[in-house]
Amino acid sequence: MSNNRFSAAIKLSGTPELFNHHLWIAFFLLISEYLTTPIDMDVFLMRKFMMKGLPMQVYQENYINSLHTELLEMVEKYLTPAALRYHYSEAPLEASIKWRPVVLVLGNYSSGKSALINEFLEADIQKTGQAPTDDSFTILTYDENPSPDSPIRVTEERDGKFLLNDPEFPFESMKKHGQRFASHFRLKKVNSPFLKALAIIDTPGMLDSITERDRGYNYQEVIGDLAQIADLILVLFDPHKAGTIREAHTSLRETLPSRTFEDRVLFVLNRIDECASLNDLLRVYGTLCWNLSQITGRKDIPMIHLTYSPRAAIDSKNRLESDMSYLRYLENQREELKSAVLGAPRRRLDHLAAFVETHSERLSHMLEALVNFQKKRRSHRFQSFLAGVLFSFVGTGVVFSSLFFTGIIAGLDPAILLSAGGGISGVFFLIWVMAIWPVMGRRFQNDILNHLDDLTPLLTQTRLDNWQAIHEKTAAFLKNSNGRFSLRTARQDHETVLTVFQKGSHEVREALNELANLSVNDSVPGPFLASLNRESEKSGEPPFQM
């Protein structure tokens, strides 16, 4: 696995230098078969790169792409088959991670989501306004076809049906939200350099008095599905409604905690230029902190980024220079937020590793419960079979006793009596199988569904959290399948998925550590150069110089 990744990390460019490195790789792989002392492939290839003066960044980017490909292959080959077979997922698991890094933007209506996105893209791409102006989920992604000198604009628009059915995009599983959602789902391709390495999802503003019936689809379910895909989530508030919207309360209290991780969520107080003074801003900030503590139930309030759109501030009327004098102290906040958004691609591999760990752990836990269910079901069926045999013997004995005391069978040939006994036993067993056994089977399954927690030990908080995430899926699968699935296949799937969790996840983390050690500063030797120098000292060669 490692050799393939290192080899692939060389193969993005068709330059003569890299072609020469292909030959070195082939030479390395050839001689490594005959050497008794193992060679560090990392040191070998990077030594060649440093000697040739090729940029480390090229190697890092190719290493990242190769590792990303391996993660997708691992999920597709080992996790997706079991996930689909046992209805853990409605779509292939890799579908949600194979696309580019995603930044999800949430917020109240008129919280400045579209204005902030326009500020990032440096063009008026999304409509803005004080009232709700856009009720669609808009995917903003990069279009590389226009020339670099052309003005930033929307180069292509596609509707929701295209997005939901194109395998290039990770939205196939969202077909379940229906036609009304599809009509409020669209794609915009924009030639903004800001989108070169990521995509942004703009969402309809959260409202106070609106229901699922009013929207025509389950807004919270859609937000939850998009949150699972997103590498970074921005939750925007404005000074006029600092965390007081009902849909925002539901999203922060229930939806996001159950569908994503806390470290992926950034809170943003936007439109701070509309505060009359610094004191006004401080009052708004304090109100938002209080509301967030009540909504999330947390005592430690996360960092809240303060920002505004200079373009929107310039266009707005009744803004005096004295009113906005305090904004110059907050310019660094805007830059930090922008850097956090641009840093989403760097979080991607960590999120993919967490994705593999989380789903392999949860899926193995679900399969463990299903294997235990099938074991109990087999034991119950065997006991029911023995009870049926006993029932047929007792029934036959009662019939023969009655016939014997009435004298009907007196003097009959023993062979005839034996045949008659067998036939009567068969009738009683058939009655058991046709009438009593199904009732006992349904009672057994209902009892299992009512006490589903007994299928798996919940000794730690981690197992309890995982079980809460898969409890409904496990119950739904058992109910829909009526408990009819192969124990042998379930065991094999459990062993495979458990191996991915125990060994594959560990290997992924090791690869990420390798990647961290590959970062080299042009002026200051980093960890990797230090390792190169150590290798040089061992071999008696002079240390490497940049």
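Guide: A helix here is a DSSP run of H or I of at least four residues, and helices are numbered from the N terminus. The model is a predicted one.

Visitor: Which helix gives the largest share of the lining of the largest pocket?

Guide: The largest pocket holds about 1100 Å³ of space. Elements giving two or more residues to its lining are α9 (219-229), α10, α14 (344-406) and α16 (461-481). The largest share is 8 residues, and the helix they come from is α14.

Visitor: How many residues of that lining are nonpolar?

Guide: The lining of the largest pocket consists of 38 residues, and Gln228, Arg259, His359, Arg362 and Lys473 lie nearest the centre. By class, 11 residues of the lining are polar and 11 are charged, while the number of nonpolar ones is 16.

Visitor: Is His177 buried or exposed?

Guide: His177 sits in the loop between α6 (160-165) and α7 (178-182). Buried means under 20% relative accessible area. Because His177 has a relative accessibility of 12%, it counts as buried.

Visitor: Which residue does the side chain of His177 join in a polar contact?

Guide: Leaving out neighbours within four places in sequence, His177 touches Tyr217, Glu221, Val222 and Asp225. The polar contact between side chains spans 2.7 Å, and the partner of His177 in it is Asp225.

Visitor: Why is helix α5 described as largely enclosed by the rest of the structure?

Guide: Helix α5 covers residues 113-121. Its buried residues include Lys113, Asn118 and Glu119, along with Leu116, Ile117 and Phe120. The helix is largely enclosed because the count of buried residues is 9 of the 9.

Visitor: Which residue follows α5, and what is its phi?

Guide: The residue in question comes after the helix that ends at residue 121. This residue is Glu122, with a positive phi near 65°.

Visitor: What length does α11 reach from its first C-alpha to its last?

Guide: Helix α11 runs over residues 278-296, which is 19 residues. At 1.5 Å a residue the expected span is 27 Å, and the model comes close to that with 27 Å.

Visitor: Which elements are included in what covers the buried residues of α11?

Guide: The buried residues of α11 are Asp280, Leu281, Val284, Leu288, Cys289, Asn291, Leu292, Ser293 and Ile295. Their cover includes one helix and several strands, namely α10 (246-259), β6 (232-237), β7 (265-269) and β8 (304-306).

Visitor: What phi does Gly297 take?

Guide: Helix α11 ends at residue 296. Gly297 comes just after α11, and its phi is positive, about 75°.

Methods. Residues are numbered from 1 along each chain as its sequence is written. This is a predicted model: local features need pLDDT of at least 70, side-chain atom pairs count only at pLDDT 80 or more; totals for chains, interfaces and linings use all residues. Side-chain values use heavy atoms; hydrogens and water are left out. Buried means under 20% relative accessible area, exposed over 50%, partly exposed in between (1.4 Å probe, protein chains only). A polar contact is a pair of N or O atoms within 3.5 Å; within protein, one must be able to donate a hydrogen and the other to accept it, and residues adjacent in sequence count only if both atoms are side-chain atoms. Contact means heavy atoms within 4.5 Å. The expected span of a helix is 1.5 Å times one less than its number of residues. On a 1 Å grid over the protein atoms alone, a cavity is a set of points where a 1.4 Å probe fits but cannot get out, and a pocket is an open set with protein on both sides within 12 Å along at least five of seven lines; lining residues have an atom within 4 Å of a point. Grid points are joined across faces, edges and corners, and a volume is the space filled by probe spheres set on the points. Ala, Val, Leu, Ile, Met, Phe, Trp, Tyr, Cys and Pro count as nonpolar, Asp, Glu, Lys and Arg as charged, and the others, Gly among them, as polar.
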